[in-house]
Amino acid sequence: STVLEGLKYANSHEWVKHEGSVATIGITAHAQDHLGEVVFVELPEDNTSVSKEKSFGAVESVKATSEILSPISGEIIEVNKKLTESPGLINSSPYEDGWMIKVKPSSPAELESLMGPKEYTKFCEEEDAAH
Amino acid sequence: ISVDAVKPSDTFPRRHNSATPDEQTHMAKFCGFDHIDSLIDATVPKSIRLDSMKFSKFDAGLTESQMIQHMVDLASKNKVFKSFIGMGYYNTHVPTVILRNIMENPAWYTQYTPYQAEISQGRLESLLNFQTVITDLTGLPMSNASLLDEGTAAAEAMAMCNNILKGKKKTFVIASNCHPQTIDVCKTRADGFDLKVVTSDLKDIDYSSGDVCGVLVQYPGTEGEVLDYAEFVKNAHANGVKVVMATDLLALTVLKPPGEFGADIVVGSAQRFGVPMGYGGPHAAFLATSQEYKRMMPGRIIGISVDSSGKQALRMAMQTREQHIRRDKATSNICTAQALLANMAAMYAVYHGPAGLKSIAQRVHGLAGIFSLGLNKLGVAEVQELPFFDTVKIKCSDAHAIADAASKSEINLRVVDSTTITASFDETTTLDDVDKLFKVFASGKPVPFTAESLAPEVQNSIPSSLTRESPYLTHPIFNMYHTEHELLRYIHKLQSKDLSLCHSMIPLGSCTMKLNATTEMMPVTWPSFTDIHPFAPVEQAQGYQEMFENLGDLLCTITGFDSFSLQPNAGAAGEYAGLMVIRAYHMSRGDHHRNVCIIPVSAHGTNPASAAMCGMKIITVGTDAKGNINIEEVRKAAEANKDNLAALMVTYPSTHGVYEEGIDEICNIIHENGGQVYMDGANMNAQVGLTSPGFIGADVCHLNLHKTFCIPHGGGGPGMGPIGVKNHLAPFLPSHPVIPTGGIPQPEKTAPLGAISAAPWGSALILPISYTYIAMMGSGGLTDASKIAILNANYMAKRLEKHYPVLFRGVNGTVAHEFIIDLRGFKNTAGIEPEDVAKRLMDYGFHGPTMSWPVPGTLMIEPTESESKAELDRFCDALISIREEIAQIEKGNADVQNNVLKGAPHPPSLLMADTWKKPYSREYAAFPAPWLRSSKFWPTTGRVDNVYGDRKLVCTLLPEEEQVAAAVSA
């Protein structure tokens, strides 16, 4: 699966794109591939906060329902409402149209603990081999 | 003539246990053992092996005719009085065409839950009819396909209110006009969610605390009143409170529906739609809600989708919310539904249609009206002035005296308090019955009129503001099958689409799809069992009570426990009840802090869901490479939590189909650290007579009577999940607010935890099935059943191991009563997944085994003891043939995308179409095995698209013009 340069990755298969004061969060191509076709996305409310490694929503496919954990802490400033009508965006465009929330990070240092693209690619390979 | 030659010829075990002694030896030898007993000795660990099992009754087993005679005797001890008790249970005329062709028909009652949609379109249609009945009558757009009973449906609605408000408001208000059993079940359930239940008179309900998540009211009320809830709902909503309304389907044919008041969730029971009272159940309860909350709805939901050729097809929707995937995050622990009873209720609506149902309702209302008018004329009692539908509330000077007089005329009334009586009328009430009631109330004075003579004077009691105006059941299905011929053919049309045990073995792992013998089923439809109200005086149900006592005693012997509760209505309900018993035990000792539950990762997903519902904190422990629970991890978890340990939940033999060696040690570890051991009885079929939960060291265990003890699966319910406990837990077993009950045999002390189900003994009507099974098998027959179930599984594993890897085995290389074959490798070698194999099995005339549980990418096979060697061989032959089809893909002889597995199943519409573009022949697609030539079960649709249906959720019948549109847009 595709892994993009310039993004940070969590071991629970979410990505973060940090631009200025905004961090965009979604699930990786690898994660959507394992879930299969997404049929429903449960999203948080606007103006709530998320904490690192805590669930902020869930993605339902016909195979599984998976909690989505936030890779970083912060205030939610925008939620991708398009996913409610078109959950398949997570499959067709996991890094672009399928983004889930935009957050104002409360402790940007948390980003340092996440994986880079090379590290994440290796992580996925190892995880697949273990199963 | 020898004495043996003149003994009864109708013994039962040889009809149930399939393999003859010769076959047993042959099969054991095939597995590398000289005798079945040596195979069993190698399989069941010595340290937990019982020497023998002996019953105090029926030890040798009754013959089939002796059994029937015994049940006739019990039936004669039940006294069927005319019931006016109401309270959610009403007598009804079960249309005989439905009685014989659904309730007594194995083609409807032996099916499994419709997970394999392509061979289940018949009952899926019927369940969609059920959902449409519920949505039409309640006026809310989304309904599930049934819940266990009205009380638990209300408790599920309470949990939904809590979830909708994200657990931020912790009070749930229940109006005192709800049935007492509904209130009690909610109270029990609230405990685990840390919710506070406040019961309040309707007019005193107060939301000023700001802490209320929901309110439950009843419409019509338990004492009959029909109130206008319009302002009530507005006020609740203005305070941010969700409104749950418990209601009655027959009343809704003439009353303004709850949806039009703005109710958020509506619950109730479909019992009076042609399902007998049966001393408490089984019945189909329902839950309906708005579009907004549809994804929070518990239970199974049938939805519309399309198949591989774009035609409309049905399947279960949103399955991933189920606990086997979401575990402790699941919205509810409910698995089993009441499919058979939901189907009966739906067919009742199909048979009567909207006009027929309305005339039944008007007749019931008319009889209640005559009764009310007559009492007023007699002047002996005061009749409540509020509008009513079917229940008349009467104030009198001595309620008990009147109830006693009624009893002499074989009539049961409800005594609310010493001066209040209610009388509920139903479909079976006649003018004669009303005349008898007049006599009772007149207490010896002459009655100067007859019920018939009063009829012309009676006014409709329902005000126009509460009269139903919106149409219902307008779909053609409810308007075309009103003659018996038409309904008979509709029932047969649907059943012919569904694969059941009438066709072939259903080898679902962890489901124990064994024989549901005819003799076991017969008493279930006898009037002396069906027509008794659950709250009838116990003296009238002595036949039932004797059976409960005998059954409790037999189950105690089988499980090694001291007392049983028959109340829980399903396996998951049993898990919940058992954990609540453990919780009550800890609390009684002042150990309120004990709330940690250890659950192995291999557990059935309902385990963590049930534990979460009891407010327990779940700690997951792993398994080792052989699939066994990691004992060191259990020890560490138990020791680390020794001050707060409540329980361990463990399945035995394990969900991996293995008798784990260390089970007794695991139980010791938990006990040493202050915890209790909960055993999941799903795999009890591998224990009976060989070992027992009590002997192994468990403190409490539920039994799935619909697995090990022969209650048929009913196409997705009913089930039953009684729990057995050791002495120290017996005082806490569930009771009931109307008819006090507790453990059987009764313990010395009692401190019941509350009610778990709406009825005192759960689904009493189906207990004769398990009872007769045990009594006819005797201790020897039951022990043989366990042995043969193990033999059959080992025989199949042996036949299949050359073709598929068998995943887990015990220390001596054998499996328990079920086993797992590993298909994970085929994803890489041939692009094949377990679903492809399951769908291809349909072309061979079989239902697939359990798919991707407990290990993703595998199939779990459980043959049971009642399948013959010939049938086991046929199933193995099918799987071996499919393995060869996979090999053709691996070798490059068949296309990875377009092959006979990916194209499966192959319905006639696909095979007979003018064009055929597949790279394999139609003949091979349809007839891959020789037995199919003489008889073939045809799937009725191509592979059903789950994604399409889950993205566009439609859960009610579509008008015909929209069906076409759906097909085109697909």
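The contact between the two chains in this predicted model draws on 17 residues from chain A and eleven residues from chain B. Together the chains bury about 1200 Å², and 50% of that area sits on carbon and sulfur atoms. On the chain A side, the residues that lose the most area to chain B are V39(A), V62(A) and T65(A), which together account for 38% of what that side buries.

What about charges and polar pairs? The rule picks out two salt bridges across the interface of chain A and chain B. One of them joins E60(A) to R295(B), with the closest N and O atoms 3.1 Å apart. There are also three residue pairs in polar contact across the interface, counting pairs with both residues at pLDDT 80 or more. As for where the chain A side comes from, the strands β4 (38-42), β6 (55-61) and β7 (65-69) of chain A each supply at least two of its residues. β4(A) gives the most, with four residues. Sort the whole chain A side by residue type and you get seven nonpolar, four polar and six charged.

Now let's move into chain B and look at helix α10, residues 230-238. Its buried residues are F232(B), V233(B) and A236(B). They end up on the same side of α10(B) because they cover an arc of only 95 degrees around the axis. The general background is simple: an α-helix has 3.6 residues a turn, so residues three or four places apart point the same way. Turn to the other side of α10(B) and you find E231(B), K234(B) and A238(B), which are exposed. And what do the buried residues of α10(B) pack against? Their partners are β5 (212-219), β6 (242-248) and α12 (258-261) of chain B. After the helix comes G240(B), with a positive phi near 70 degrees.

One more stop in chain B is E865(B), which lies in the loop between β25 (858-861) and α30 (869-890). Is this loop residue, E865(B), buried or exposed? With a relative accessible area of 0%, E865(B) counts as buried, because the cut-off for that is under 20%. Its side chain makes a polar contact with the side chain of N685(B), at 3.0 Å. If you set aside neighbours within four places in sequence, E865(B) is in contact with residues from several stretches of numbering, including H16(B), N17(B) and S18(B), then K514(B) and N685(B), and also Y773(B), A785(B), I788(B), A789(B) and N792(B).

Terms used:
Residues are numbered from 1 along each chain as its sequence is written. Chains are lettered from A and ligands numbered from 1 in the order in which they are written. Side-chain values use heavy atoms; hydrogens and water are left out. Contact means heavy atoms within 4.5 Å. Buried area is the accessible area (1.4 Å probe) that two parts lose on being put together, summed over both. A salt bridge is a side-chain nitrogen of Lys or Arg within 4 Å of a carboxyl oxygen of Asp or Glu. A polar contact is a pair of N or O atoms within 3.5 Å; within protein, one must be able to donate a hydrogen and the other to accept it, and residues adjacent in sequence count only if both atoms are side-chain atoms. Ala, Val, Leu, Ile, Met, Phe, Trp, Tyr, Cys and Pro count as nonpolar, Asp, Glu, Lys and Arg as charged, and the others, Gly among them, as polar. Buried means under 20% relative accessible area, exposed over 50%, partly exposed in between (1.4 Å probe, protein chains only). The arc is that of the directions from the helix axis to the C-beta atoms.
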